[in-house]
Amino acid sequence: MRRPVALLSVLLVAAVVAPGALAANVKIRVEGKTQTIYGAAQPGIQAANALQALDVASTAGEFHYALTTSSFGDYVSQIGKYASAGSAGWVFKVNGVSPPVGADKVVLEDGDVVLWYYATFGPTGGPPTLELQRLPANCYVVQSVTDAGRRARAVDATLTVDGKRFRTREGRACIGLHTGPVRATAPGAVRSNAVR
């Protein structure tokens, strides 16, 4: 009689542990229409897919998001104050690439970087996103990333730190000593992650 109870206990523990075991250790950032909503420095979380990553971030950052059901499935129709409208709305990238499937279908792996952002789409698609990387000697490089994940130096990027702005040359700039995080912006692009 004890054997079935022990087996049931093991199955219950496995059922509770399994969802967490499927989650990956990832980084996330949510860029709004006018400002960063969550995770400028891309904090680490655990999530199994890109939609769950947004859900975990919304709890941690105490911001609202909404899903809308369509014939293509559920999609994120609002994050924070701004709802999707016309040719503008909420999209995501994983490791710099816009997947061709819904956010709940993208299985995340350890080390992935998830970016949710508000974008206005035109004839050539959405805006590029910026990625900032620190180099030795307080130097930084900014890359512009297309929806397909193609990276190129963001030649017209500007770095902002400690209330000062620095123009990059070929997407690179050395800014000397500073105390705050560095961010990059460029015309028509989604702002970068923050780097110290």
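**Close-ups of an aromatic cluster**

**View 1. Tyr-82, Trp-90 and Tyr-118 come together as one aromatic cluster.** This is a predicted model, in which local features need pLDDT of at least 70, side-chain atom pairs count only at pLDDT 80 or more, and totals for chains, interfaces and linings use all residues. Residues are numbered from 1 along each chain as its sequence is written, and side-chain values use heavy atoms, with hydrogens and water left out.

**View 2. Here is the pair made by Tyr-82 and Tyr-118.** The structure holds four aromatic pairs (rings of Phe, Tyr and Trp, the last by its six-membered ring, with centres within 6.5 Å). In this one, the ring centres of Tyr-82 and Tyr-118 are 6.2 Å apart and the planes sit at 55°, so we call the pair tilted (under 30 degrees would be stacked, over 60 edge-to-face). Tyr-82 belongs to strand 6 (residues 82-83) and Tyr-118 to strand 8 (residues 113-120), so the pair links parts 36 residues apart in sequence. Strands are DSSP runs of E, at least two residues, numbered from the N terminus.

**View 3. How buried or exposed are Tyr-82 and Tyr-118?** Tyr-82 is partly exposed, at 27% relative accessible area, while Tyr-118 is buried, at 12%. Buried means under 20%, exposed means over 50%, and partly exposed is in between (1.4 Å probe, protein chains only).

**View 4. Zooming out, we get the whole protein chain.** Of its 196 residues, 39% count as buried. The chain has 15 strands and two helices (helices are DSSP runs of H or I, at least four residues).
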